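Here is a small set of exercises to work through with the model open beside you. Try each task before you read its solution.

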Amino acid sequence: MSSDTIYIYSDGACKGNPGIGGWGALLVTAGHRKEICGGERDTTNNRMEMTAVIRALEQLKRPSTVEVHTDSQYVQKGISEWLPGWKRRNWRTSDGKPVKNQDLWQQLESLSQQHEIAWKWVRGHNGHPENERADELANQGVLQAQQH
């Protein structure tokens, strides 16, 4: 674990898709841990996966070296593989349909440009302690959204 790298572990959850959703993220640096979570009443799992990363990146006060761990291939591949093509095609997929969640992709891209980020896909629910904690936080976000 590099002393100056910020490690982000993120997850999204949705009860029904669309339905009530939650997001959670754990930020870890040398000697510090910060947990954040939240939820929305009418959303999708993919939106919650993206929101978790966006909210985590918003916590960073200065340009940083970041390692984002997500169990969402949608987030990992979207930001590191698909985004340039979507932009080239004016926010259209390869088959000409509008890109879903364009608002969040634009936020994520804007935040990402402020940092040096390695995007890591991890298998979900696979016993990885930090990712399991992100999952718990996302489910806590679902409960918050249900109560409001």
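Where is the place of Val142? Val142 sits in helix 4, residues 129-147, where helices (H or I, at least four residues) and strands (E, at least two) are DSSP runs numbered from the N terminus.

Before the other tasks, a word on conventions. This is a predicted model, in which local features need pLDDT of at least 70 and side-chain atom pairs count only at pLDDT 80 or more, while totals for chains, interfaces and linings use all residues. Residues are numbered from 1 along each chain as its sequence is written, and side-chain values use heavy atoms, with hydrogens and water left out.

**Exercise 1. Describe the surroundings of Val142.**

Step 1: take the accessibility. Val142 is buried, because its relative accessible area is 2%; buried means under 20% relative accessible area, exposed over 50%, and partly exposed in between (1.4 Å probe, protein chains only).

Step 2: list the contacts, meaning heavy atoms within 4.5 Å. Leaving aside neighbours within four places in sequence, Val142 is in contact with Ala13, Lys15, Ile20, Gly21 and Gly22.

Step 3: check a C-alpha distance. Val142 and Gly24 are 118 residues apart along the chain, and their C-alpha atoms are separated by 9.6 Å.

**Exercise 2. Work out which strands pair, and in which sense.**

Step 1: apply the criterion, which is that two strands pair if DSSP finds at least two bridges between them.

Step 2: begin with the antiparallel case. Strand 2 (residues 19-29) and strand 3 (residues 32-43) pair in the antiparallel sense over 10 bridges, with Val28 opposite Arg33 of strand 3. Their hairpin has 2 residues between the strands, and Gly31 there takes a positive phi near 85°.

Step 3: go on to the parallel cases. Strand 1 and strand 4 run parallel and are joined by 6 bridges; Ile8 has Val68 in strand 4 as its bridge partner. Strand 4 also pairs with strand 5 in the parallel sense, over 6 bridges, and here Thr70 stands opposite Trp121 in strand 5.

Step 4: look more closely at Thr70, which is found in strand 4. Thr70 counts as buried because its relative accessibility is 1%. Not counting residues up to four places away in sequence, Thr70 touches Ser10, Glu49, Val75, Gln76, Lys120, Trp121 and Val122.

**Exercise 3. Characterise helix 2 and its packing against helix 3.**

Step 1: compare the span with expectation. Helix 2 (residues 73-88) has 16 residues and reaches 21 Å from its first C-alpha to its last, close to the 22 Å expected at 1.5 Å a residue; the expected span is 1.5 Å times one less than the number of residues.

Step 2: look for a bend, taken as the angle between axes fitted to the seven residues ending at a residue and the seven starting there. Helix 2 bends by about 65° at Trp82, and a proline, Pro84, follows within four residues.

Step 3: find what covers the helix. Its buried residues include Ile79, Leu83 and Trp86, and the cover includes helix 1 (45-58), strand 4 (65-70), helix 3 (102-112) and strand 5 (116-121).

Step 4: take the angle. Helix 2 and helix 3 pack at about 95°, with their axes 11 Å apart; axes are lines fitted to C-alpha atoms, for helices over the stretch in contact, and angles run from 0 to 180 degrees between N-to-C directions. Helix 2 is therefore roughly perpendicular to helix 3, given that angles under 35 degrees count as roughly parallel, over 145 as roughly antiparallel, 65 to 115 as roughly perpendicular and the rest as oblique. Residues making the contact include Tyr74 and Gly78 of helix 2 and Trp105 and Leu108 of helix 3.

Step 5: pick one residue of helix 3, Glu109. Glu109 counts as buried because its relative accessibility is 15%, and Glu109 touches Ile79, Leu83 and Lys87, not counting residues up to four places away in sequence.

**Exercise 4. Find unusual backbone geometry.**

Step 1: recall the background. Most residues other than glycine have a negative phi, and most peptide bonds are trans.

Step 2: inspect the loop between helix 2 and helix 3, where Asn90 is placed. Asn90 has a positive phi of about 60° although it is not a glycine, and Asn90 is exposed, with a relative accessible area of 62%. Trp91 lies in the loop between helix 2 and helix 3 and has a positive phi near 60°, but Trp91 counts as buried at 11% relative accessibility.

Step 3: inspect omega. A cis peptide bond, with omega about 10°, joins Asn17 and Pro18; Pro18 lies in the loop between strand 1 (5-15) and strand 2.
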